[in-house]
Amino acid sequence: MKNDYSYIDIKNALLQLDINKGDIIFCHSNLIPFGIPNKFNSVDDLCKIFFNSIIEKIGPKGTLIVPTFTYSFSKYRYNKLHSNKEAFDVANTKSLMGVFSEYVRKNKYSIRSLDPFYSVSVHGNNSKFFSETNFINSFNEKSLFSKLLNVDAKILNFNFPGTTLLHYIERKININY
């Protein structure tokens, strides 16, 4: 499926956003509904132009963080009873969060956190800091989500109506469902 937009259109759209050099960006995405831009041929090309546009916008001191959630630990525990184990492998377990998330995860300069439920891949400045994992609770005061609030990170979503950061906030204010 070809669409009538280009790499320049994506860059221009990002220019209109309040994203600056050095920013920390947490990005959920669903790029497939955009279709493949003119003069590009694959989903990988689509991911590459979004990735390059974001990295160019935030510069070398910026940080891009994408969710690479797998929920592997719960699958492993449940499947243990059924002898169909799925353990989390930080280097090889695919992200369940879409093609862009998987593209960033596979980038050789990205670092993936070790959280078997809510892993993230981090690219850019402060990658080690944001990929450090707290194994006690994915949403506690030492979690990635707490760090995002403490550094005033920005949320950038493409065709995605929410953010996992809300789960951290819900726990912090003790929402009772």
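**Exercise 1. Determine which elements make the right-handed β-α-β unit of this predicted model, and state in which sense its two strands pair.**

Step 1. The right-handed β-α-β unit consists of strand 1, helix 2 and strand 2.

Step 2. Strand 1 and strand 2 are paired in the parallel sense, with three bridges between them, and I25 has L64 as its bridge partner in strand 2.

**Exercise 2. Place strand 1 within the sheet, and decide whether its residues are buried or exposed.**

Step 1. The sheet is open and contains five strands in the order 3-4-2-1-5, with mixed pairing; its edge strands, each of which pairs on one side only, are strand 3 (111–112) and strand 5 (154–158).

Step 2. Strand 1 runs parallel to strand 5, to which five bridges join it, and in this pairing H28 stands opposite N157.

Step 3. In a regular strand, side chains alternate between the two faces of the sheet.

Step 4. For strand 1, one side carries I24, F26 and H28 and the other carries I25, C27 and S29, and these are all buried, so that both faces are covered.

Step 5. Because six of the six residues of strand 1 are buried, this strand is largely enclosed by the rest of the structure.

**Exercise 3. Describe how strand 2 pairs with strand 4, and identify which strands are touched by helix 2 and which by helix 4.**

Step 1. Strand 2 (residues 63–67) and strand 4 (residues 120–124) run antiparallel and are joined by five bridges; within strand 4, S121 is the bridge partner of V66.

Step 2. Helix 2 (residues 43–58) packs on the sheet, where it touches strand 1 (24–29), strand 2, strand 4 and strand 5, and its direction makes about 140° with that of strand 2.

Step 3. Helix 4 (residues 99–106) also packs on the sheet, touching strand 1, strand 2, strand 3 and strand 4, and here the direction of the helix makes about 125° with that of strand 2.

**Exercise 4. Characterise the contact of helix 2 with helix 4 by its geometry and by the residues that make it.**

Step 1. Two packed helices are described by the angle between their axes and the distance between the axes.

Step 2. The axes of helix 2 and helix 4 come within 9 Å and cross at roughly 70°.

Step 3. Since angles of 65 to 115 degrees count as roughly perpendicular, helix 2 and helix 4 are therefore roughly perpendicular to each other.

Step 4. Helix 2 contributes V43, D44, C47, K48, F50, F51 and I54 to the contact, while helix 4 contributes V99, F100, Y103 and V104.

Step 5. Sorted by class, the residues of this contact comprise nine nonpolar, no polar and two charged.

Definitions and conventions. Residues are numbered from 1 along each chain as its sequence is written. This is a predicted model: local features need pLDDT of at least 70, side-chain atom pairs count only at pLDDT 80 or more; totals for chains, interfaces and linings use all residues. Side-chain values use heavy atoms; hydrogens and water are left out. Two strands pair if DSSP finds at least two bridges between them. Helices (H or I, at least four residues) and strands (E, at least two) are DSSP runs, numbered from the N terminus. Contact means heavy atoms within 4.5 Å. Axes are lines fitted to C-alpha atoms, for helices over the stretch in contact, and angles run from 0 to 180 degrees between N-to-C directions. Angles under 35 degrees count as roughly parallel, over 145 as roughly antiparallel, 65 to 115 as roughly perpendicular and the rest as oblique. Ala, Val, Leu, Ile, Met, Phe, Trp, Tyr, Cys and Pro count as nonpolar, Asp, Glu, Lys and Arg as charged, and the others, Gly among them, as polar. Buried means under 20% relative accessible area, exposed over 50%, partly exposed in between (1.4 Å probe, protein chains only). A crossover is right-handed if, with the strands pointing away from the viewer, the path from the first strand over the helix to the second runs clockwise.
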